[in-house]
Amino acid sequence: MAVLSEEQIAAFRRDGVLTVGNAVTPEHLAGLRRDFEAWVEESRAHDAPYGEAIDGRPRFDLQPGHTASRPALRRVQAPTEVSEAYYQAMADSRMTDMVAELIGPDVKLHHTKINSKLPGSATEVGWHQDFAFTPHSNSDLVTALLMVDEVTPENGPLEVLPGSHTGPLHSLWHDGVFTGAVADDLALEMKRQAVTCLGPAGSVCLMHTRLAHGSAPNLSERPRTLFICVYSAGDAMPCSPNPVPTRHQGLFVRGSDPRRVRGEDFTVATPQFPKTSFFAQQSETERAAP
Ligand SMILES: O=C(O)CCC(=O)C(=O)O
């Protein structure tokens, strides 16, 4: 049975973004929250990024300024490799069905991560289009951002520019540096016209890979945790190395391998593979650090 209505699918095609409630069951959501809370507790014992993902980078990334009393765990790389609840949400949930209705029938995983903004943490995300980080042979890719916490106007919601997925692809390189963000004047312009993606915990924001978006710091005392899954159509092939490698890359979550590559006409600058994390790529201070 279809999960999305025809109107919702049409809205996604028009706006490049769609927010839908109840993307996982309440029991499942409780499992996601429990696992994330346990990781935050664990992070209190660390003063630098820790753990190991399959590419050798730390799985758990900490915002500079993180302390035991004010933890700022900002990223978990590939949580599906270390949590059954996150694996299930990615591989077999209402969220998975929604993505299949947008870019299916054949859908495979590209990568997963948690982006967290704990209370008072300065984490913000500069404006960009995901496709410039993860170019594929065609742009049938959806970034699904599952709200593990309620997202409000105060706790650092995602801000998007509806319709921008049909516009130009913007460079994330400036004066020879990959900043992971569009030029400042363009970002200001985008922010002026932005809409925020809000919702109760368990909602998902489904974003077209070419949609321009960013997000502001968390100014509240409530956490904002997003579980982010990037999926592609079965016939979209990556054109650059996965910036968030996972052993689950290429897993068919719906349908099966169509054994063809579909191409689309576009030009985009090659992304820079992150030495540490996406957040460090976007931060001038962290880029300058040895
Ligand atoms: O965590 C956020 O607020 C933004 C996430 C994002 O920009 C992305 O997944 O591309």
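Two rings of Phe, Tyr or Trp (for Trp, the six-membered ring) make an aromatic pair if their centres lie within 6.5 Å. On that count, this structure holds nine aromatic pairs. The structure is a predicted model, so here is a friendly tour of its ligand site, its empty spaces and a few points of backbone geometry.

**Aromatic pairs**

- One of the nine pairs brings together Tyr86 and Phe227, with 4.8 Å from centre to centre and 85 degrees between the planes, which makes the pair edge-to-face.
- This pair links distant parts of the chain: Tyr86 sits in helix H3 (residues 84–91) and Phe227 in strand E13, 141 residues apart.

**The ligand and its shell**

- Twelve names are worth finding in the viewer, and around the ligand you will see Lys113, Asn115, Lys117, Val125, His128, Asp130, Leu158, His213, Ser215, Arg224, Leu226 and Ile228.
- By class, this shell has four nonpolar, four polar and four charged residues.
- Ser215 places a polar side-chain atom 2.6 Å from an oxygen atom of the ligand.
- Arg224 also has a polar side-chain atom 2.6 Å from a ligand oxygen.
- For His128, an N or O atom of the side chain is 3.1 Å from an oxygen atom of the ligand.
- How much of the ligand does the protein bury? Taken alone the ligand exposes 290 Å², and the protein buries 97% of that.
- Four strands each give two or more residues to the shell: E4 (107–117), E5 (125–129), E12 (212–215) and E13 (224–233).

**The second largest pocket**

- This pocket holds about 420 Å³ of space.
- Its lining counts 22 residues, and those nearest the pocket centre are Gly126, Trp127, Ala181, Asp184 and Ala187.
- Which elements supply at least two lining residues each? They are E5, helix H5 (184–192), E12 and helix H7 (284–288).
- H5 gives the largest share of the lining, with four residues.
- Sorted by class, the lining has nine nonpolar, seven polar and six charged residues.
- Strands E5 and E12 appear both here and among the elements of the ligand shell.

**Enclosed cavities**

- Rolling a probe the size of a water molecule over the atoms shows where empty space is left.
- The count comes to two cavities of 30 Å³ or more.
- The largest cavity has a volume of about 40 Å³, and its lining is made up of Leu145, Met147, Val151, Leu158, Cys197, Cys205 and Leu226.
- In that lining, seven residues are nonpolar, with no polar and no charged ones.
- Leu158 and Leu226 line this cavity and also belong to the residues around the ligand.
- The second largest cavity holds about 30 Å³, and is lined by Ala132, His170, Ser171, Leu172, Trp173, Phe178, Val268 and Ala269.
- Here the classes are six nonpolar, two polar and no charged residues.

**Backbone points to look at**

- Most residues other than glycine have a negative phi, and most peptide bonds are trans.
- Gly104 and Pro105, however, are joined by a cis peptide bond with omega of about 15 degrees.
- Pro105 lies in the loop between helix H4 (94–103) and E4.
- Asn22, a residue other than glycine, has a positive phi, near 50 degrees.
- You will find Asn22 in the loop between strand E1 (17–20) and helix H2 (26–43).

How values were computed
Residues numbered from 1 in each chain as written. Predicted model: local features only at pLDDT ≥ 70, side-chain atom pairs only at ≥ 80, totals over all residues. Heavy atoms only, no water. Near = heavy atom within 4 Å. Polar contact = N/O pair within 3.5 Å; in protein donor to acceptor, adjacent residues only side chain to side chain. Areas by Shrake-Rupley, 256 points an atom, 1.4 Å probe, with all protein chains shown as cover. Nonpolar A, V, L, I, M, F, W, Y, C, P; charged D, E, K, R; others polar. 1 Å grid on protein atoms, 1.4 Å probe; cavity = no way out; pocket = protein on both sides within 12 Å on 5 of 7 lines; lining within 4 Å. Points joined across faces, edges and corners; volume = space filled by probe spheres on them. Phe/Tyr/Trp six-rings, centres within 6.5 Å; stacked < 30°, edge-to-face > 60°.
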